[in-house]
Amino acid sequence: MAVPETGAAVHGAQCVWNPDNDGAAMLRMKSTCERCSASLGLTDRAFICSFENTFCPQCAEQLEHRCPSCQAELVQRPARTRSPTEVPDQGFKAKLEKLLV
């Protein structure tokens, strides 16, 4: 499997590469609706297209679940239970701190 660079475009969206996540890329969880600027937390209900354009439920409904930028379907964004910066164990935290220094 090819390893994308951090921040590399993957099908038009920003990919956040996590080498400790078995090659999986994480969604960029945007904190505001792109149409009305409503605040969207990690666990708030939101809708995204395949390019990760993000909308609040009210705007998604008004847009008939179609992205105004790419015309793709808007689907419910998965909720995160914690921030990606919260680390589950010391092993990962030590690696992260080493990379950031």
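The following exercises, with worked solutions, concern a predicted model of a protein chain.

**Exercise 1. Overall composition**

Determine how many helices and strands the protein chain contains, and in what order they occur.

*Solution.* Begin with the count: the protein chain has 7 strands and 2 helices. Next, follow the elements from the N terminus, which gives β-β-β-β-β-β-α-β-α. Then turn to burial: 27% of the 101 residues of the protein chain count as buried. The accessible surface amounts to about 6900 Å², and carbon and sulfur atoms contribute 51% of this area. Finally, consider the contacts between residues at least 6 apart in sequence: 36% of them join residues at least 24 apart.

**Exercise 2. The sheet of β5, β6 and β7**

Establish the strand order of the open sheet of 3 strands, and explain which strands stand at its edges.

*Solution.* The order is β6-β5-β7, and the pairing is antiparallel. From this order, β6 (54–55) and β7 (75–76) each have a single partner strand and stand at the edges, so one side of each lacks a neighbour in the sheet. For the pairing of β5 with β6, note that β5 covers residues 47–48 and that 2 bridges join these antiparallel strands. At the level of residues, I48 has T54 of β6 as its bridge partner.

**Exercise 3. The nonpolar core and L74**

Identify the residues with the most contacts inside the largest nonpolar core, and list the contacts of L74 beyond its neighbours within four places in sequence.

*Solution.* The largest nonpolar core comprises 13 residues, and C33, F55 and L74 have the most contacts inside it. For L74, set aside the neighbours within four places in sequence; the contacts are then F47, I48, C49, N53, F55, A60, L63, H65, R66 and C67. Two of the listed partners, F47 and I48, can be placed in β5, which spans residues 47–48.

**Exercise 4. Cysteines without a disulfide**

Explain why C49 and C67 form no disulfide, and state whether each is buried or exposed.

*Solution.* The structure holds 0 disulfides. For C49, the nearest cysteine sulfur is that of C70, 3.7 Å away. A disulfide requires sulfur atoms within 2.5 Å, so this separation does not qualify. For C67, the closest cysteine sulfur is likewise in C70, at 3.7 Å, which is too far for a bond. As to accessibility, C49 is buried, at a relative accessible area of 4%, and C67 is buried as well, at 0%.

**Exercise 5. A salt bridge**

Find which residue forms a salt bridge with K30, and classify the accessibility of that partner.

*Solution.* The structure holds 1 salt bridge. K30 forms it with E34, and their closest N and O atoms are 3.0 Å apart. This distance satisfies the 4 Å limit. The relative accessibility of E34 is 39%, so E34 counts as partly exposed.

**Exercise 6. Positive phi in a loop**

Locate E64 and H65, describe their backbone phi angles, and compare their accessibility.

*Solution.* E64 lies in the loop between α1 (57–62) and β7, and H65 is found in the loop between α1 and β7. Although not a glycine, E64 has a positive phi of about 55°. H65, also not a glycine, has a positive phi of about 55°. For accessibility, E64 is exposed, with a relative accessible area of 66%, whereas H65 counts as partly exposed at 26%. One further point links this loop to Exercise 3: H65 is in contact with L74.

Technical notes: Residues numbered from 1 in each chain as written. Predicted model: local features only at pLDDT ≥ 70, side-chain atom pairs only at ≥ 80, totals over all residues. Heavy atoms only, no water. Pairing = 2+ DSSP bridges. Helix = DSSP H or I, 4+ residues; strand = E, 2+ residues; numbered from the N terminus. Salt bridge = Lys/Arg side-chain N within 4 Å of Asp/Glu carboxyl O. Buried < 20%, exposed > 50% of the residue type's maximum accessible area, 1.4 Å probe, protein only. Contact = heavy atoms within 4.5 Å. Areas by Shrake-Rupley, 256 points an atom, 1.4 Å probe, with all protein chains shown as cover. Core = buried A, V, L, I, M, F, W, Y, C linked by side-chain atoms within 4.5 Å.
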